[in-house]
Amino acid sequence: MKKALSAPNLIIFGVLMFAFVVLQLGLFPGNYPMKLTILYLLALCALFGLGMSFRQHLAGKLLIAAVLVVLPFVSATAGQAWVRILDFAILYAFLALGLNIVVGLAGLLDLGYVAFYAVGAYTWALLASPHFGLHLPFWVILPTGALVACCFGVLLGSPTLKLRGDYLAIVTLGFGEIVRIFMNNLNAPINITNGPQGITLIDPVAIGGFKFSGATQIFGYTLSGPQKYYFLLLVLAILVVIINQRLQNSRIGRAWQAIREDEVAAKAVGINTRNLKLLAFAMGASFGGMAGGVFAAMQGFVSPESFSLNESIMILAMVVLGGMGHIPGVILGAVLLSILPEVLRYGVGPLQTQLFGKMLVDPESLRLLVFGLALVLVMRFKPAGLWPSPERQRELVEGRTEVKP
Amino acid sequence: MSEILLQATAVAKHFGGIKALRDVSLAIGRGEIYGLIGPNGAGKTTFFNCLTGLYVPDGGGFTFAGAPLLADAPHRAAARGIARTFQNIRLFANMTALENVMVGRHVRTRAGVFGAILQNAATRAEEAAIRQKAIDLLHYVRIEDRADDLAKNLSYGDQRRLEIARALASEPQLLCLDEPAAGMNATETEGLRDLIDGIRRDGTTILLIEHDVKLVMGLCDRVAVLDYGALVIEDVPAVVQKDQRVIEAYLGA
């Protein structure tokens, strides 16, 4: 069996990117400001790939940890905007891992996942902003956000229990829209969500007296707001990875897998499919809620616009493109899809100006084109995702050669 | 017949105008191998589905191990000690053989979400026990060398055996086998016969739907015959085989 796109291939990917950039840099006369940063980032990418290839060993783990710690500082040399892009990449990885519980483990196609993200964000916004005059501490809001989203997960999950596949997808898609429209319209008769204007001046994350917005001096080094959020998000993301991993290899995870494989047989071996499906919805929703809370605090502003159907599809695309049910794959999908648009914006725009003297295609519209193309190519050539789990890989390969009895 | 394990009382089920089961009453004693035969469409599998909670009967009901069996949810039937296999094998195709049996342990284990996340000592011990029990069961049905293969890649006969192992994993008092010998060759059927006999000797009562008359008559202590949803006769094989109605409806002259 051919080894799939795994860590060593990632290095190759990094080298290819490197070649592409060198080519591109060559086209830039004079001093392109991000030249060095891009080089450093690619080196870090390669080191990360190297670390992943022996992540079972302590040395590999240390290498990965070192790369993750250095990353925001290297990015900062190109401007804080790039650290924020990293923050969002991790936030999306967090979201995608939450959705992975529902879609990847339990096999329930949820197109309305952004609803829980929205519920979490609004919970944070309402409990920590001048809108209601509430300013509750971090340790209260984060669990509350998760809990409220969890309740919504059960609430929206319960009517869908008898649905499967396409039907489930359509209903959850509807729920996602319903939540967004509610947020949009709950400004009258009682103003709860402030309607389309959204809620502003949301408190940043603060643990004790330590604020995550604005710069702080630590050990003589200035740590910017986005850099602090980076480390907060990293810790949260690592927690979700551990939870995902442990759930997957547990009695509950196996039961989810069984439901995904054959619901009738799962019932017959004594699995309470109703409760377990609700549990999957609730778990996924809680993570969505937590991510939403951090999102609200990081932005300082929420409005219904941030929670459109596109967002749901984007998160699902991350899971599917990366490799459904496989944690490293899902993270890869999330990071690629959240960074790609920025690379296009900062790379393709200037490149066009350099080559043709003017902007021919707007990078923003190019983004959708590239997305579509990427999805089609992945579905055609790597139907299990860019980095599928070894088992899933085996399913496909053996499925092709297997002669059914 | 010793103590009664399962008592079906006037079980009825209809789909629209079709009466799939017409007031079927029968009793299965503990430790028996009880055969259920009849032509295709006679209602055998419907009876199974009612018993295991996949269908809700329209009339009548079951008493299992002295208490009524509420036909509301299949998982509760499994918890009470009724396990089944399916006529058209329903394994978790993309899980390994070992994982399939481990899923079968679900009703006899407890670990929840928090146990799984915290990985406390109790959960780890339970997980190890599940794995050990599953390995033992694979040995029991003699497919231990296929433990790490995906269920869908097992041979037909091994898939049947795996399904039995998965059912046994829930430590059932009553094991319901729906045409386990269908599609098997003579050697495989012989092996299956030994397996079923062994399971009974180890203390599990067996309800067997089967078309292989030789297997049923040789293996079962008592046999019930269904035709058009109604019970024709329930007796020891020797009597059933000679019954005129059974010969007309099913066995042929």
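Where in chain B is the place of B:R142? The answer is the loop between α5 (121-140) and α6 of chain B. Keep in mind while you look for it that this is a predicted model. Once you have found B:R142, check its backbone: phi is near 60°, a positive value in a residue other than glycine. As for its surroundings, B:R142 has 14 other C-beta atoms within 10 Å, so it is partly exposed; the buried class would need 20 or more.

Now walk along to the other end of α6. B:E171 is found in the loop between α6 and β7 (174-178) of chain B. Here too phi is positive in a residue other than glycine, this time near 50°. B:E171 counts as partly exposed because it has 14 C-beta neighbours inside 10 Å.

Let's step back and take in chain B as a whole. It has ten helices and ten strands. The domain assignment splits chain B into domain 1 (4-81 + 172-251) and domain 2 (92-155), so domain 1 is written as two stretches of the chain. Taken over C-alpha atoms, the centres of domain 1 and domain 2 of chain B are separated by 28 Å. The C-alpha atoms of chain B fill a box of roughly 60 × 40 × 35 Å along the principal axes. What about the radius of gyration? A compact globule of 253 residues would have one near 18 Å, and the 19 Å of chain B agrees with that. Of those 253 residues, 47% count as buried. If you take the contacts in chain B with a separation of 6 or more, 67% of them come from residues 24 or more positions apart.

Next, look at where the two chains meet. Chain B puts 33 residues into the contact, and chain A puts in 26. On the chain B side, the elements that give two or more residues are α2 (74-80), α3 (97-104), α4 (113-118) and α6 (156-168). Sorted by class, that side of chain B has 17 nonpolar, eleven polar and five charged residues.

Crossing over to chain A, you'll find 15 helices and six strands. Of its 405 residues, 44% count as buried. Among the contacts in chain A between residues at least 6 apart in sequence, 73% join residues at least 24 apart.

A nice pair of helices to pick out in chain A is α5 (residues 114-127) and α7 (residues 165-185), which pack at an angle of about 30° with their axes 8 Å apart. That angle makes α5(A) roughly parallel to α7(A), since the cut-off for roughly parallel is under 35 degrees. From α5(A), the residues A:V114, A:A115, A:A118, A:V119 and A:Y122 meet A:F175, A:G176, A:V179, A:R180 and A:M183 of α7(A). By class, this contact divides into eight nonpolar residues, one polar and one charged.

Finally, swing round to A:G385, in the loop between α14 (363-381) and α15 (390-401) of chain A. Is A:G385 buried or exposed? With 27 other C-beta atoms within 10 Å, A:G385 is buried, because 20 or more is enough for that class. Leaving aside residues up to four places away in sequence, A:G385 touches A:V320, A:L321, A:G322, A:G323, A:M324, A:G329, A:G333 and A:V378. Take A:G322 from that list: its C-alpha atom is 4.9 Å from that of A:G385, although the two residues are 63 apart along the chain.

Definitions and conventions
Residues are numbered from 1 along each chain as its sequence is written. Chains are lettered from A and ligands numbered from 1 in the order in which they are written. This is a predicted model: local features need pLDDT of at least 70, side-chain atom pairs count only at pLDDT 80 or more; totals for chains, interfaces and linings use all residues. Helices (H or I, at least four residues) and strands (E, at least two) are DSSP runs, numbered from the N terminus. The radius of gyration is taken over C-alpha atoms; the globule rule is 2.2 Å times the number of residues to the power 0.38. A residue is buried if 20 or more other C-beta atoms lie within 10 Å of its own, exposed if 12 or fewer, and partly exposed in between; C-beta atoms are placed from the backbone. Two residues are in contact if their C-beta atoms, placed from the backbone, lie within 7 Å. Axes are lines fitted to C-alpha atoms, for helices over the stretch in contact, and angles run from 0 to 180 degrees between N-to-C directions. Angles under 35 degrees count as roughly parallel, over 145 as roughly antiparallel, 65 to 115 as roughly perpendicular and the rest as oblique. Ala, Val, Leu, Ile, Met, Phe, Trp, Tyr, Cys and Pro count as nonpolar, Asp, Glu, Lys and Arg as charged, and the others, Gly among them, as polar.
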